[in-house]
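Biologist: Please take a close look at a single part of this structure, the surroundings of the ligand, and follow the elements found there into the rest of the chain. A connected account for a first-year student would be welcome.

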Amino acid sequence: MTRVVLVLSLCVPACGSASIAPADVLRRVAASAVVISTSSGSGSGTVIRHGEQGSLVLTAHHVVGGCDSLNEFLCTPFVDDYIHAYFDGEYILNSYGALNNLPCSSETYQHGQRFHRDVRTFSRDFRLMLNMLVMIDDFTAENGATKLVPGTHRVESRPSDDYLESNAIRAVGKAGSIVLFDSNLWHSAAPNLTTGPRMALTLTFSRPFMKQQLDYPRLLGENFPEDARTRQLLGYNSRVPSNHDEWYQPAEKRMYKPGQG
Ligand SMILES: O=C(O)CCC(=O)C(=O)O
């Protein structure tokens, strides 16, 4: 069965797609993404302390836990049905970033500019992880619309740069569009040849038994999200007990809940 690149437009009726999110959500997300990716974000002090600043300018990782529109976006179940269907069951957030693919310079986020796949273990036909790319600005060929190479999610070893370059298609779309693709797929950002920004949210989702990039429940604390769907998404239902007290719990209090795979 083909695992297609699925492009859904969230809020641009002009292109004929269903309007799922009101435009004001997108504007507020854009505002938060600008603040986070320029200033940058909750992790910025840590980034500088660890000497990583140069390669991570304008990229914010793990933008969870704020009282901002990025959190609002996460808590709103856009395309939840598609993701559920993809995994045929429950899933959790593996990572959540905001980035600004600024006009080419030494500060451009380097990782995104090289062809890569975002899952480290090649899972062949097993649906382990799914990428979501949210266009905050319009994505055009000129401002660095993401390159995606169809079919490469089925290839274990890295195809050659020539192959990737010559077979890439571009994720061109209106602000508010969402692209979902199998995380085994080779992809890359492209150089931004304009003078404007090109912002995106990048999220990955996985099956609940896979470790998250960051332990969100431990980061955010036991009581952070109250609603059941966000707790599921952030991994509160698929935690690892860290001592015998946590392990020996009545069924309803267990840290790894039923139905998580
Ligand atoms: O910014 C882009 O176009 C792609 C980002 C990307 O490749 C990533 O976050 O893994």
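Modeller: A definition comes first: helices and strands here are runs assigned by DSSP, with at least four residues for a helix (H or I) and at least two for a strand (E), and they are numbered from the N terminus. The model is a predicted one. By this assignment the chain contains ten helices and nine strands. Of its 261 residues, 36% are buried. Among contacts with a separation of 6 or more, 77% join residues that are 24 or more positions apart.

The ligand itself is the place to begin. Around it stand Leu99, Asn101, Gly112, Asp118, Thr146, His187, Ser188, Ala189, Ala200 and Thr202. By character, this shell consists of six polar residues, three nonpolar ones and one that is charged. Two strands, E8 (187-188) and E9 (199-206), each contribute at least two residues to the shell. These two strands can now be taken in turn.

Strand E8 belongs to an open sheet of three strands, arranged in the order E6-E5-E8 with antiparallel pairing. E8 and strand E6 (169-170) lie at the edges of that sheet and have a single partner strand each, so each has one side without a neighbour in the sheet. Between strand E5 (residues 147-148) and E6 there are two bridges, again in the antiparallel sense. In one of the pairings, Lys147 has Arg170 of E6 as its bridge partner.

Strand E9 has other surroundings. A residue counts as buried when 20 or more other C-beta atoms lie within 10 Å of its own. By that test, eight of the eight residues of E9 are buried, so the strand is largely enclosed by the rest of the structure. A general rule helps in reading its two faces. In a regular strand, side chains alternate between the two faces of the sheet. In E9, Met199, Leu201, Leu203 and Phe205 point one way, while Ala200, Thr202, Thr204 and Ser206 point the other way. Ala200 and Thr202, from the second of these sets, are both members of the shell around the ligand.

E9 also has partner strands. Strand E3 (residues 92-100) runs antiparallel to E9 and is joined to it by eight bridges. Thr202 takes part in this pairing as the bridge partner of Gly97. Strand E4 (residues 129-135) is likewise antiparallel to E9, with seven bridges between them. There, Met129 has Ser206 of E9 as its bridge partner.

From E9 the account leads on to the nonpolar interior. The largest nonpolar core holds 42 residues, and those touching the most other members are Leu93, Met132, Val134, Ile136, Ala200, Leu201 and Phe205. At least two residues of this core come from each of helix H4 (69-75), E3, E4, strand E7 (177-182), E9 and helix H9 (228-234). The greatest contribution, six residues, is made by E4. Ala200 deserves particular attention, being listed both in the shell around the ligand and among the best-connected members of the core. Leaving out residues up to four places away in sequence, Ala200 touches Leu99, Leu133, Val134, Met135 and Ile136. Of these, Leu99 is itself a member of the ligand shell.

Beyond E9, the chain enters a loop that leads to helix H8 (216-220), and Met210 is found in this loop. Met210 has 20 other C-beta atoms within 10 Å and is therefore buried. Apart from neighbours within four places in sequence, Met210 is in contact with Asn94 and Leu128. Met210 and Ile92 are separated by 118 residues in sequence, yet their C-alpha atoms are 8.7 Å apart in space.

Finally, the confidence of the prediction should be kept in mind. The mean pLDDT of the chain is 82, and 75% of the residues reach 70 or more. Helix H7 (residues 161-167) has the highest confidence, at 97, and helix H3 (residues 53-56) the lowest, at a mean of 48. The pLDDT is also below 50 over residues 1-5, a stretch with six contacts in the model beyond near neighbours in sequence. Residues 8-20 are below 50 as well, and that stretch has 29 such contacts. Where pLDDT is low, the predicted coordinates should not be read in detail.

Definitions and conventions
Residues numbered from 1 in each chain as written. Predicted model: local features only at pLDDT ≥ 70, side-chain atom pairs only at ≥ 80, totals over all residues. Near = placed C-beta within 6 Å. Nonpolar A, V, L, I, M, F, W, Y, C, P; charged D, E, K, R; others polar. Buried ≥ 20, exposed ≤ 12 C-beta atoms within 10 Å, placed from the backbone. Contact = placed C-beta atoms within 7 Å. Pairing = 2+ DSSP bridges. Core = buried A, V, L, I, M, F, W, Y, C linked by C-beta atoms within 7 Å. pLDDT = per-residue confidence, 0-100.
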